[in-house]
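Trainee: I have a new structure open and I'm not sure where to begin. Could you walk me through it?

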Amino acid sequence: MRLAKAEVKALHGDIKDAYKVLAKGGTISDAAVANLYAEASRLGDQSATARIDALNTENKIFMTIKSPEAAQRHLDNLEARKAQIQQSGQPRSVEASLAEMEAIERAGKLRDHHVKQSREDPIAYLAAQTGAVPSPVDFSNPDSIAARFTGARAAARRYNVPTKYFTKDDKNVLKQIF
C-alpha cells in the first residue's frame, strides 16, 4: 500500500513538472505524455488521468503557438472565456477556478517567453519558428552580408523589435576571433 501511495505521489510530481515545462514556454513530447497516461492507468488514478488530459490539451495548443501575437491571442481567449463563465453566474468548483487561473498564468508566461526570445535574438527566433536555419555570415562575400542584413530587417519588422544583425551564435564566433 505504501508503494502505491509513493508511486501516485511521484506521478503527480511528474505531472507538476510537466506543467512547469509549459510555464517556461516549452512543450512536452507525445511520448512523455503517453508515459504519464500509462502510469496513471497502471495505478488506476483517475484524478491523474484528468490532469494529464488537461495537460495534453494545453500542450497541443502551445505546440501551435509560434509568435508573441499568437501567444497573446491565446491568453486573450482564456481571459474572455473566464469572463463569460463569471458573467453567466454558473457555479464553479474551487478546483475548476484554480485550474483556469493556472492556465491563464501559464499562457501569460508563454507569451512572455515568446516576447523575450523574439527581442533577444530575433533572427534565431524567426528561424526556430519557421524551421529555417540562418546561414553563417561570410564576411568576405558581400552577398552573404546583404542576405543577413535583409533577414535581420525582416525579423525586426516581423516582431517589431530593433534590428539585430547577428545571432548570439554569430556574436560568440566573433568574440572567439577577436
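**Cores, aromatic pairs and a pocket**

Mentor: In the largest nonpolar core, which has 17 residues, those that touch the most other members are Leu 11, Ile 15, Leu 22, Leu 36, Ile 52, Leu 55 and Ile 65. A nonpolar core here is a set of buried Ala, Val, Leu, Ile, Met, Phe, Trp, Tyr and Cys residues joined through side-chain atoms within 4.5 Å, and buried means under 20% relative accessible area, with exposed over 50% and partly exposed in between (1.4 Å probe, protein chains only). This is a predicted model, where local features need pLDDT of at least 70 and side-chain atom pairs count only at pLDDT 80 or more, while totals for chains, interfaces and linings use all residues. Residues are numbered from 1 along each chain as its sequence is written, and side-chain values use heavy atoms, with hydrogens and water left out.

Trainee: Which helices supply at least two residues of this core?

Mentor: Helix 1, helix 2 (30-43), helix 3 and helix 4 each do, and helix 1 gives the largest share, 5 residues. Helices are DSSP runs (H or I, at least four residues), as are strands (E, at least two), numbered from the N terminus.

Trainee: And what is Leu 36 in contact with?

Mentor: Leaving aside neighbours within four places in sequence, Leu 36 is in contact (heavy atoms within 4.5 Å) with Leu 11, Asp 14, Ile 15, Ala 18, Ile 52 and Leu 55. There is also a second, separate core of 5 residues, including Leu 78, Ala 103, Ile 104 and Ala 107.

Trainee: Switching topic, how many aromatic pairs are there?

Mentor: The count comes to 3, where rings of Phe, Tyr and Trp (its six-membered ring) pair if their centres lie within 6.5 Å, and planes under 30 degrees apart count as stacked, over 60 as edge-to-face and the rest as tilted. One of them is edge-to-face, Tyr 125 with Tyr 159, at 4.9 Å centre to centre and 75° between the planes. Tyr 125 lies in helix 6 (residues 122-130) and Tyr 159 in helix 7 (residues 142-159), so the pair ties together parts that are 34 residues apart in sequence.

Trainee: Are those two tyrosines, Tyr 125 and Tyr 159, buried or exposed?

Mentor: Both Tyr 125 and Tyr 159 are buried. Another pair, Phe 149 and Tyr 165, is tilted, with 4.3 Å centre to centre and 35° between the planes. Phe 149 is partly exposed, with a relative accessible area of 30%, and Tyr 165 also counts as partly exposed at 30% relative accessibility.
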